[in-house]
Amino acid sequence: MILPRSAFPIFLSLAALFPLSTALKFDLQAHTGYSNRYERCIRNFVAKDTLVLVTAIVSGRKGDGQMVNMHIKDAVGNEYGRPKDIAGETRMAFTSHADAAFDVCFENQLVSTGISLNPTRHIELDIDIGADARDWSAIQAQEKLKPVETELRRVEELVQEIVGEMEYLRTREQKLRDTNESTNERVKWFAYGTMGMLVGLGAWQVVYLRAYFRSKHLI
């Protein structure tokens with residue numbers, strides 16, 4: 001496929017819409033015992049049936065007295081992986097089961113004593129979602145695509161993901177609006193019912209008091 005000269009500015013403009021992903025870097029201090037409060041979690045949102053690639057680069061080595069465990073889960077209870085005692089580069093790929101936020105959690109356990117004071121592990125985390133998670137080098141080699149064609153395919157899938165996300169947000173907004181209108185309708189009828197009950201109670205009190213006073217010959 002030959003790309004016309006006039007298409008290059010459009011291609012560059014589209015490519016500029018998608019910033020390069022940068023890895024998240026942090027230090028994780030070791031601790032003794034197990035507790036969820038020692039976990040450090042990074043949360044992200046993903047749509048259903050979306051490919052996610054989690055790449056974690058952990059400093060140190062196995063057997064140095066520290067054990068870093070990783071746990072990937074989402075907000076609705078789905079488990080995507082729980083690798084233990086990771087060191088070096090670890091990759092985990094999964095397809096999401098629901099429209100929900102997912103957490104990538106790390107924990108550094110101290111499994112032996114006699115090491116340096118306040119031992120830590122340095123972690124570099126990179127999360128790719130959707131088109132960014134695919135191996136475009138393999139796709140390019142398999143389908144014998146040119147670099148420009150591969151990049152256009154990647155940008156096309158990114159645009160489709162954005163359109164899908166906008167459609168998802170529109171659907172969510174429609175559901176929220178319907179819920180809001182339904183709630184307002186119920187509140188309105190509840191208010192009418194409450195007013196009717198108060199009016200009926202007031203009329204009954206007037207009738208009852210008049211009958212009571214007449215029986216006592218007060219009126």
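In the predicted model, the largest nonpolar core comprises 21 residues, of which Val54, Met70, Ile72, Val104, Phe106 and Leu125 touch the most other members. Seven strands are listed as giving two or more residues to this core: S1 (24-29), S2 (40-46), S3 (51-58), S4 (66-74), S6, S7 (100-110) and S8 (120-129). The largest share, four residues, is supplied by S3. The surroundings of Phe106 illustrate how this region is assembled. When neighbours within four places in sequence are left aside, Phe106 is in contact with Phe26, Leu28, Tyr38, Glu39, Arg40, Ala56, Val68, Asn69, Met70, Ile86, Ile123 and Leu125. Two of these partners, Met70 and Leu125, also appear among the core residues that touch the most other members.

The structure contains one disulfide. This bond joins Cys41 to Cys105, with an S to S distance of 2.0 Å. The link is right-handed, with 110 degrees about the S-S bond. Cys41 belongs to strand S2 and Cys105 to strand S7, and the pair connects distant parts of the chain, 64 residues apart. The two cysteines differ in their surroundings: Cys41 is partly exposed at 38% relative accessibility, whereas Cys105 is buried at 1%.

Eleven salt bridges are present in the structure. In one of them, Asp103 pairs with Arg43, and the closest N and O atoms are 2.7 Å apart. Because Asp103 lies in strand S7 and Arg43 in strand S2, this pair ties together parts that are 60 residues apart in sequence. Strands S2 and S7 are thus connected by this salt bridge as well as by the disulfide. Asp103 is buried, with a relative accessible area of 9%, while Arg43 is exposed, with a value of 56%.

A further salt bridge is formed by the side chains of Glu79 and Arg82, at 3.9 Å from N to O. Both partners are partly exposed, Glu79 at 47% relative accessibility and Arg82 at 43%.

Salt bridges also involve the helical part of the model. Glu143 is paired with Arg153, the closest N and O atoms being 2.7 Å apart. Glu143 is located in helix H2 and Arg153 in helix H3, so the pair ties together parts that are ten residues apart in sequence. Glu143 is partly exposed at 41% relative accessibility, and Arg153 is likewise partly exposed at 24%. In addition, Asp132, Glu151 and Arg154 are joined into one network by salt bridges that share partners.

Positive phi values in residues other than glycine occur at Asp85, near 50 degrees, and at Lys144, near 55 degrees. Asp85 is placed in the loop between strand S5 (79-81) and strand S6 (88-95) and is partly exposed, with a relative accessible area of 22%. Lys144 lies in the loop between helix H2 (136-143) and H3, and this residue is exposed, with a relative accessible area of 76%.

A nonpolar patch on the surface is formed by Leu201, Trp204, Tyr208, Leu209, Tyr212, Phe213 and Leu218, which together have about 740 Å² of accessible area. Within this patch, Trp204 is found in helix H3 (residues 147-215). Trp204 is exposed, with a relative accessible area of 53%.

Notes. Residues numbered from 1 in each chain as written. Predicted model: local features only at pLDDT ≥ 70, side-chain atom pairs only at ≥ 80, totals over all residues. Heavy atoms only, no water. Patch = residues over 30% accessible without salt bridge, like charges linked within 9 Å, V, L, I, M, F, W, Y side chains within 5 Å. Areas by Shrake-Rupley, 256 points an atom, 1.4 Å probe, with all protein chains shown as cover. Salt bridge = Lys/Arg side-chain N within 4 Å of Asp/Glu carboxyl O. Buried < 20%, exposed > 50% of the residue type's maximum accessible area, 1.4 Å probe, protein only. Core = buried A, V, L, I, M, F, W, Y, C linked by side-chain atoms within 4.5 Å. Contact = heavy atoms within 4.5 Å. Disulfide = S-S within 2.5 Å.
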